[in-house]
Amino acid sequence: MLHLNDIEVDFGGRKIFSGVNWHIRPGARIGLCGENGAGKSTLLKLLCGLQQADAGEVQAAKGTTFGYLPQDGLTHAGTTLFAEVRSACGELLAMADEIGELEQRLSGEHDDKVLERYAHLQELFERRGGFTLEADIARVLHGLGFAQEDWEKPCEQFSGGWQMRIALARLLLQRPNLLLLDEPTNHLDLPARTWLENYLINYPHAVVLVSHDRYFMDQVVERIVEVWNGDLTEYPGNYTLYLEERQRRVAALRAAKQRQDEEIERMEAFINRFRYQANKASQVQSRVKQLEKIERIKIPPQRKKIAFRFPQPQRGGRELVVLRNAGQRYGEHQVLSDVNLTVSRGERIALIGANGAGKSTLMRLLAGIEAPSSGERVAGHNLELAYFAQDQSAVLCRANTVLEEIRANAPVEMVPRLRDVLGMFLFSGDDVHKKVAVLSGGERNRLALAILLLRPANLMLLDEPTNHLDLQSKDVLLQALRSYSGTLVFVSHDRYFVDALATRIVDVADGGIESYPGNYADFLRMQQDDASVQHSERRVEYLGTAAAPVADKEQRRQQHQQRKEQQRRQRKLTRQLEQLEDAIAAAEEQHGELEQRLATEEIYQNGDLFNDLSAQHSELTGRLETLYEEWDDLQQQLAESEQLLSPD
C-alpha cells in the first residue's frame, strides 16, 4: 500500500531519519512509540506528504487516499457544525448532485448512455455509503460527544478541544485508505474515547496513530513501530506485548554488544601489539579491514526508573469531606443539584462523565474553592488538602526558572530530591534552567503537578493530572499514586490510569452523581448488566410473557442489586467499627489516666475526691465492657457480610 525507501530527514544538522525502509500493508493497525522528539509526528507528516524527505522516496499505491489529524491547531468557522462535517464528504455530495441531474434528464428522455452512467453512479454511491450519509454523520457526531442541539451552532462558538473533535469527525466520514492520527484522544472524554476505540477497531482501512493513552493503544493497534535513533523497529502485538518484547530484545542486544565489544577489543589489541612487525603486517591489515566492516550494535537508551514517594501525611478523620444536598449554579445555569457524596479515608475515587457534565465543578466544591449555591460542604477532622486544577499552571511565577520555582515551593526535606522529581516530569539537563515564561502550556502543567506532589496531604484532588504526560511519565505517576497512603479523588480520561487506580467510580451526569464500587471496567460491566435488564424488561412487556432467559436476567438483576446493597451495608459496618474503635481508644486512655490518679497516695487523703474518682472509674469500666461487646457484635456482622460477598 505504501513504501518508504531509504528515507532521510535532517533538521538543523540532526538526523531525524537515516536510511529508513518501511512498508504499510492495507488494513494495518499500527501504533508509533518513541521518546519525545524522536520523530513520530514527523513520520506522520512524511506519510501524508505534508513534509518532504531530504533523501529517499515515499511510494504509495495508486488510488491511496490520506487523512491526517495533527495534535492541535485546526479551527473551523463560517458554517454550522452539521454543515461543516457534511462538507467533508464533497465527493459523495457531488455524486448525489449528478444523480439528481441524471434523474431529471431521464424523466424527459430515454438515453442509454445517461442510463448507464446513472446506474454506475447509483451503485458507487451506495457502496460508499451515500444513502446512509446523514445517519453516519449523526452517529459520528453523537459518538464524539456532540449533543443534537449543537448541530446547528456556528463552528466558531466551539472551543479548541471541540474544534479538534470537528476535525476528527470530518476525517472519519471521509474514510481515507490510510488514516493518520496524532494524539487523537487528547481532547476526548472517556465515553468518546471508548466510542473511537470501537470505531477504529472496525475501520476497514489502514490506521497509523500516535497516542499516550496505553489502554487505547492496547485496544486498537495490532503492531507497534518504535521510532529511535533515526530508524524504525517493528514489534507484533499491542503496546503491552511491545513492552515485554522490547525488554527481551534490548537484553539480547546488550548481550550481543558485549560479545562484539570483546571481539573488537581483541582485534584492537592485536593491531596495537603487532602494528610495527613486518612479519605480521598482512594479519594486522586483515584485522583492520574486519574492524572497518563491523556494523556496531546500537542499544536503545535505558529508560530511567525514578522511584518517587509522597511525603507521609498525618492521619485524617474517617470522613474527610462530605457534600450534603449540594448544588451549584452559575447565573441561570444549574450545573449540579442535590449531590450527596462522602469521601472516606483510604478511598481512590475517579470522577467520570462527558465534558461539561460538572466534574471540575464537583472537584472545586470538594476542594472548598467554591461554596455550594445550595446544601453544604463539611470538612473532616485533621483535613490536609492538596488540589490540582486544570489551570493550575496559572499560579506559577513566570520570572523564575523551573528549578527556582520548584525550590521556592518545596519543603526543606525534599530539596535534595528535586532534580529526580523534575526528571520524572520530563525536565532534565538544561531544561531545569528554562524560565517558566518560555515553557509551553503542557510543560507548565507538568511543573505545577510536580510542585503539588512535594507536600504531605491526606486528601489529594487531581483534575486531569495525566494531561501532557507521555506513557512513561504516566506510569511513574501511577506507581507513585499507588504508594500514596492518603485519600485520592481524581479526574482522568486515561482508561488504563483509571482502571489501575480507582476503587470507586462516581459518574457525573444530568446534574447529579451515582457511585459504583470498583474501577472503570467494573462500572462498564454494571452498565451493561443494567442495559441488558432494561432490554429484557421491555421485551417482556412487548411479548406479554416471561420467557426463561428473561427470568434469568431478572434474577441476575436482583442479585446485582442485592450485592450492591450488601456492599453498602459492609461499608456502613466498617465505618461504625472504626468509629467504635476510636471511642474505645479514647475511653481506654481516660480509664488509664483515672487508674494512675487513683494509684497516688495523695488521693486517699481527700475522701470526697477519692469517692468521685472511684465512681467515674466504675462507670467507665462498665462503659468499656459495653463497647467491647458492641465491637464483638460488629466484627461478627462484618465477617458474615464478607462471607456473603465472597465468590463462593
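Select arginine 165 and tryptophan 162 to begin: the charged end of arginine 165 sits over the ring of tryptophan 162, 4.0 Å from its centre, where a charge counts as sitting over a ring if NZ of Lys or CZ of Arg is within 6 Å of the ring centre and within 35 degrees of the ring normal. This is a predicted model, in which local features need pLDDT of at least 70 and side-chain atom pairs count only at pLDDT 80 or more, whereas totals for chains, interfaces and linings use all residues. Residues are numbered from 1 along each chain as its sequence is written, and side-chain values use heavy atoms, with hydrogens and water left out.

Keep tryptophan 162 selected and add two phenylalanines, since ring pairs link Phe146, Phe158 and Trp162 into a cluster; rings of Phe, Tyr and Trp (its six-membered ring) pair if their centres lie within 6.5 Å, and planes under 30 degrees apart count as stacked, over 60 as edge-to-face and the rest as tilted. Around phenylalanine 146, leaving aside its neighbours within four places in sequence, the contacts are Leu81, Leu141, Trp151, Phe158, Trp162, Arg165 and Ile166, contact meaning heavy atoms within 4.5 Å.

Phenylalanine 146 also leads to the largest nonpolar core, which has 54 residues and in which Leu141, Phe146, Leu200 and Leu209 have the most contacts. A nonpolar core is here a set of buried Ala, Val, Leu, Ile, Met, Phe, Trp, Tyr and Cys residues joined through side-chain atoms within 4.5 Å, with buried meaning under 20% relative accessible area, exposed over 50% and partly exposed in between (1.4 Å probe, protein chains only). Show helix α6 (residues 160-174) next, as this helix gives the most to the core, with 9 residues; helices (H or I, at least four residues) and strands (E, at least two) are DSSP runs, numbered from the N terminus. Apart from that core lies another of 48 residues, including Leu454, Leu462, Val498 and Leu501.

Now move to the tyrosines. The whole structure holds 12 aromatic pairs. In one of them, tyrosine 235 and tyrosine 242 have ring centres 5.1 Å apart and planes at 75°, so the pair is edge-to-face. The rings of tyrosine 239 and tyrosine 242 have their centres 5.5 Å apart and their planes at 50°, so this pair is tilted. Tyrosine 239 and tyrosine 242 are 3 residues apart in helix α9 (residues 239-274), a separation of about one helical turn. Tyrosine 235 is buried at a relative accessible area of 2%, tyrosine 242 at 0% and tyrosine 239 at 7%. For a further charge over a ring, select arginine 495, which lies over the face of tyrosine 215 at 4.1 Å from the ring centre.

Switch to a cartoon view and find the open sheet of 3 strands, whose order is β2-β1-β4 with antiparallel pairing; two strands pair if DSSP finds at least two bridges between them. β2 (14-24) and β4 (55-60) stand at the edges, each with a single partner strand, so one side of each is left without a neighbour in the sheet. Strand β1 (residues 2-11) pairs with β4 over 5 bridges, and histidine 3 has glutamine 59 of β4 as its bridge partner.

Two hairpins come next. Strand β10 (residues 319-330) and strand β11 (residues 333-344) run antiparallel and are joined by 8 bridges, with valine 322 opposite threonine 342 in β11. Of the 2 residues between these strands, pick glycine 331, which takes a positive phi near 65°. Strand β17 (residues 504-509) is joined to strand β18 (residues 512-517) by 6 bridges, again antiparallel, and aspartate 507 stands opposite glutamate 514 in β18. This hairpin has 2 residues between its strands, and aspartate 510 takes a positive phi near 55°.

Finish with the open sheet of 6 strands that contains this hairpin, in the order β14-β15-β16-β12-β17-β18 and with mixed pairing. β14 (385-388) and β18 are the edge strands, each with a single partner, so one side of each has no neighbour in the sheet. β14 and strand β15 (residues 459-463) pair in the parallel sense over 4 bridges, and phenylalanine 388 of this pairing stands opposite leucine 462 in β15.
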